[in-house]
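Me: I would like to go through this model by question and answer. Please keep the replies short and end each on the item asked for.

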Amino acid sequence: MDQSGGGVPPSSPEDILNSYRLPPTKPLWLDANYAKHIVKGNFLTLSAKPKTVDMGEWVAHQVVDHWRMISTFIRLIHDREEDGTSICNQRKCPKMSAGPNHCFTWLNAQLQPVEIPAWEYLTLVQRYISGKIDNPALFPTDPSGVSYADNPAFCIPLPDSGRDWVGKRSGFPENFNETCQTIFRQMFRVYAHLYWSHYDDLFSLNLEKAMNSCFSHFILTATTLNLLRRSDMEPMQPLIDLWAALGTFPENSRAYESANVTVGQLLVRKAGFTQPA
């Protein structure tokens with residue numbers, strides 16, 4: 001658990017919160033009264049790898065499952081209506097941003113980072129991630145290649161045989177884990193844009209609790225499986241702090257360890273929120 005903002009001299013919760021450079025009018029999702037979930041329970045049990053499942057198989061399962069969940073929200077704001085309009089459009093979202101302090105770029109044909117409208121970015125994200133998941137060389141689908149992790153309680157683990165990597169035993173390529181980290185980074189950016197630019201749209205459709213549930217599960221999975229760095233999560237750090245304080249993240253989770261819990265507790269007090277007994 002980080003109480004001081006990551007390697008800097010200890011500061012008060014108010015100082016750390018100010019260092020986030022949030023806009024004067026805080027987003028609705030930072031009010032503890034609106035950071036609720038559609039279901040109750042410990043999402044960590046859905047993120048932690050079972051002992052007998054190969055890590056590559058588990059990471060692949062999580063990538064596909066979280067892509068399935070976030071795709072619903074992408075289609076909601078991205079797909080065009082009959083009149084040709086969409087919730088996310090070039091006028092409303094000229095950049096793929098996450099608040100006033102973060103703007104995400106895409107690499108063009110010359111591998112140069114360029115700013116593009118959020119709608120176009122979401123188009124490219126869908127094409128990129130679907131292309132990776134549907135590539136059998138990266139995500140093998142032959143059931144004969146499935147492997148299982150050794151359970152020390154019942155067997156002696158096989159000796160190492162040369163260079164190892166996540167998913168090797170199940171036929172995943174050497175760059176598999178790195179690619180999955182990139183996919184999770186892109187999914188995080190989509191969530192960040194949804195929260196900063198379209199939370200009110202989702203709230204008006206009564207979908208904010210559903211997205212909160214999917215995103216908190218996503219953060220638990222990403223931190224548990226080392227698929228995101230703390231620097232990747234910076235645009236949504238205040239919400240991570242808030243959820244840690246509200247008990248959404250178990251104290252034994254890496255998501256909780258990545259939070260400034262005292263900042264989250266400050267946000268709870270600012271909202272006048274009272275935890276249910």
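Reply: This is a predicted model, in which local features need pLDDT of at least 70, side-chain atom pairs count only at pLDDT 80 or more, and totals for chains, interfaces and linings use all residues. Residues are numbered from 1 along each chain as its sequence is written, and side-chain values use heavy atoms, with hydrogens and water left out.

Me: What pattern do the helices and strands follow along the sequence of the protein chain?
Reply: Helices (H or I, at least four residues) and strands (E, at least two) are DSSP runs, numbered from the N terminus. The protein chain has nine helices and two strands. Along the sequence they give the pattern α-α-α-β-β-α-α-α-α-α-α.

Me: What percentage of the residues in the protein chain is buried?
Reply: Buried means under 20% relative accessible area, exposed over 50%, and partly exposed in between (1.4 Å probe, protein chains only). The areas come from the Shrake-Rupley method with a 1.4 Å probe, and for residues only the protein chains shown count as cover. Of the 277 residues in the protein chain, the buried share is 46%.

Me: Which helix gives the most to the largest nonpolar core?
Reply: A nonpolar core is a set of buried Ala, Val, Leu, Ile, Met, Phe, Trp, Tyr and Cys residues joined through side-chain atoms within 4.5 Å. The largest one has 80 residues, and Y195 and F215 have the most contacts inside it. At least two residues each come from α1 (13–19), α3, α4 (118–133), α5 (176–204), α6 (208–224), α7 (237–246), α8 (254–257) and α9 (261–270). With 14 residues, the helix that gives the most to this core is α5.

Me: Is F188 buried or exposed?
Reply: F188 sits in helix α5. Its C-alpha atom is separated by 9.3 Å from that of A222, 34 residues apart along the chain. Because its relative accessibility is 1%, F188 counts as buried.

Me: How far apart in space are L44 and S216, C-alpha to C-alpha?
Reply: L44 belongs to helix α2 (residues 44–47). With a relative accessible area of 14%, L44 is buried. L44 and S216 are 172 residues apart in sequence, and their C-alpha to C-alpha distance is 9.7 Å.

Me: What is the C-alpha to C-alpha distance between W106 and I116?
Reply: W106 is part of strand β1. Its relative accessibility is 17%, so W106 counts as buried. W106 and I116 are 10 residues apart in sequence, and in space the distance is 7.2 Å.

Me: Why are R68 and D65 separated by about one helical turn?
Reply: Side chains of opposite charge can pair when their charged atoms come close. A salt bridge is a side-chain nitrogen of Lys or Arg within 4 Å of a carboxyl oxygen of Asp or Glu, and R68 and D65 meet in one at 2.6 Å, N to O. The separation is about one helical turn because the two are three residues apart in helix α3.

Me: Which residues do salt bridges that share partners join into one network?
Reply: The structure holds six salt bridges. One joins D232 and R185 at 3.6 Å, N to O, and this pair links distant parts of the chain, with D232 in the loop between α6 and α7 and R185 in helix α5, 47 residues apart. D232 also meets R229 in a salt bridge, at 3.0 Å, N to O. The network is made of R185, R229 and D232.

Me: Is D232 buried or exposed?
Reply: Its salt-bridge partner R185 has a relative accessible area of 22% and is therefore partly exposed. At 13% relative accessibility, D232 counts as buried.

Me: Where is N206, a residue with a positive phi that is not a glycine?
Reply: Most residues other than glycine have a negative phi, and most peptide bonds are trans. N206 has a phi of about 60°. At 66% relative accessibility, N206 counts as exposed. Its place is the loop between α5 and α6.

Me: Is L111 buried or exposed?
Reply: L111 also has a positive phi, near 60°, and is a residue other than glycine. L111 lies in the loop between β1 and β2 (113–114). Its relative accessible area is 63%, so L111 is exposed.
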